[in-house]
Amino acid sequence: MELLNLAVGASLVVMLVRTLYWHPRRNAQTAAAVRKERQRIAGELHDLVGSQIVNALLLLDSPANRLHPAVRTLEQCMLDLRLLVEVMSDQKGDLAEKLAALRYRIQPVLDKRGICLTWIMDVDDGEMLPRRAHARELCRLVQEAVSNVLQHSRATHLTIELRPRRESGCTEWLLRVMDNGVGMRQQPGEGVKGHGVSNMRRRARRVGARMSIVSEEGMGTEIVVIVDTMQFAPTVIAST
Ligand SMILES: Nc1ncnc2c1ncn2[C@@H]1O[C@H](COP(=O)(O)OP(=O)(O)OP(=O)(O)O)[C@@H](O)[C@H]1O
Ligand SMILES: [Mg+2]
């Protein structure tokens with residue numbers, strides 16, 4: 001009888017431990033399936049929609065059309081599509097790697113527009129760089145800032161910079177996107193219909209960063225994001 005009680009007790013303990021450590025096994029499978037499906041959609045988008053945009057651009061390709069709004073819109077579509085495909089198919093990499101991929105994508109468009117890019121990446125201490133979801137959010141923020149430079153600034157120079165903030169004892173990163181264009185006509189956020197800037201602020205908030213915009217008519221625009229390295233605990237942002 002005592003043996004039976006012991007056996008029941010032991011199996012109850014095992015069940016309790018299993019209950020405490022139980023997590024739905026389906027999660028890992030679902031995540032893998034979602035990843036695979038994302039990659040498939042990314043491939044389809046790239047091959048089907050991308051090739052149509054390239055064809056349309058070829059049809060309109062002539063020196064006279066270089067600044068035509070339709071050509072500029074198609075170029076922007078192509079850039080957005082490439083970046084979207086990149087985000088959908090690649091979930092890894094730190095912020096410096098993601099920004100390097102972004103640079104590779106935007107360089108041809110900047111060249112076409114005659115915008116000179118100054119690229120400053122002071123990332124020796126790569127250990128402390130934002131990764132995964134943090135890196136993704138910050139890269140998308142820079143992407144929208146660049147998209148705004150292309151759409152609104154009429155700039156001839158663009159600077160993208162990532163460096164540790166030495167003033168803070170290197171516990172923070174400074175991420176900066178600056179152009180020498182026409183500047184914002186109204187104060188950031190004032191009567192603005194677009195979603196880009198508010199999305200940028202939302203992304204900064206999601207990674208616990210502080211974002212500010214310095215812009216004056218005729219004096220260019222500067223987006224500054226201060227990223228606190230203490231925010232990189234893996235649980236701060238749920239991976240999407
Ligand atoms: N680099 C910039 N230079 C000049 N003006 C800018 C710049 N960035 C933003 N703006 C101004 O700020 C406004 C708001 O930008 P936001 O990205 O929120 O909206 P949008 O670009 O107009 O639309 P959306 O991003 O939703 O497609 C722009 O319409 C533009 O007038
Ligand atoms: Mg915008």
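**Notebook: a predicted chain and its ligand**

I first read the order of elements in the protein chain, which from the N terminus on is α-α-α-α-β-α-β-β-α-β-β. The chain thus described holds six helices and five strands. I took helices (H or I, at least four residues) and strands (E, at least two) as DSSP runs, numbered from the N terminus.

I noted that this is a predicted model, in which local features need pLDDT of at least 70 and side-chain atom pairs count only at pLDDT 80 or more, while totals for chains, interfaces and linings use all residues. Residues are numbered from 1 along each chain as its sequence is written, chains are lettered from A and ligands numbered from 1 in the order in which they are written, and side-chain values use heavy atoms, with hydrogens and water left out.

**Entry 1: the whole chain**

I looked up how much of the chain is covered. Of the 240 residues in the protein chain, 35% are buried. Here buried means under 20% relative accessible area, exposed means over 50%, and partly exposed lies in between (1.4 Å probe, protein chains only). The accessible surface of the chain comes to about 15000 Å², and 57% of it belongs to carbon and sulfur atoms. Such areas come from the Shrake-Rupley method with a 1.4 Å probe; for residues, only the protein chains shown count as cover.

I then turned to contacts, meaning heavy atoms within 4.5 Å. Among contacts with a separation of 6 or more, 71% are between residues 24 or more positions apart.

**Entry 2: the nonpolar cores**

In soluble globular proteins, nonpolar side chains tend to be buried together. I therefore looked for nonpolar cores, that is, sets of buried Ala, Val, Leu, Ile, Met, Phe, Trp, Tyr and Cys residues joined through side-chain atoms within 4.5 Å.

The largest nonpolar core has 38 residues, and those with the most contacts inside it are Leu99, Val142, Leu158, Met211, Ile223 and Val225. Two or more residues each come from helices H3 (69-89), H4 (95-113), H5 and H6, and from strands E2 (157-164), E3 (172-179), E4 (210-215) and E5 (221-228). Which element gives the most to this core? I found that H5 does, with nine residues.

I followed Met211 outward. Leaving aside neighbours within four places in sequence, Met211 is in contact with Leu141, Val197, Met200, Arg201, Ala204, Ile223, Val224 and Val225. Apart from the largest core lies another, of nine residues, including Leu57, Val71, Leu74 and Val85.

**Entry 3: ligand 1**

Which residues are closest to ligand 1? I listed Asn148, His152, Asp179, His195 and Val197, from a shell of 14 residues. A residue was counted as near if one of its heavy atoms lies within 4 Å of the molecule. The shell divides into three nonpolar, nine polar and two charged residues. In this sorting, Ala, Val, Leu, Ile, Met, Phe, Trp, Tyr, Cys and Pro count as nonpolar, Asp, Glu, Lys and Arg as charged, and the others, Gly among them, as polar.

Helix H5 (132-153) and helix H6 (196-206) each supply at least two residues of this shell. H5 gives the most, with five residues.

I next examined polar contacts, which are pairs of N or O atoms within 3.5 Å; within protein, one must be able to donate a hydrogen and the other to accept it, and residues adjacent in sequence count only if both atoms are side-chain atoms. An oxygen atom of ligand 1 is 2.8 Å from an N or O atom in the side chain of Asn148. A polar backbone atom of His195 is 2.7 Å from an oxygen atom of the ligand, and a backbone N or O atom of Val197 lies 2.9 Å from a ligand oxygen atom. Taken alone, ligand 1 exposes 600 Å², and the protein buries 77% of that.

**Entry 4: His157 and Thr229**

I found His157 in strand E2. His157 counts as partly exposed because its relative accessibility is 29%. Its C-alpha is 5.3 Å from that of Ile115, although the two are 42 residues apart in sequence. A polar contact of 2.6 Å joins the side chains of His157 and Thr118.

Thr229 is in the segment after E5. Is Thr229 buried or exposed? Thr229 is buried, because its relative accessible area is 6%. Its side chain reaches the backbone oxygen of Thr171 at 2.7 Å.

**Entry 5: two positive phi values**

Most residues other than glycine have a negative phi. I noted Arg132, in helix H5, with a positive phi of about 40°. Arg154, in the loop between H5 and E2, has a positive phi of about 55°.
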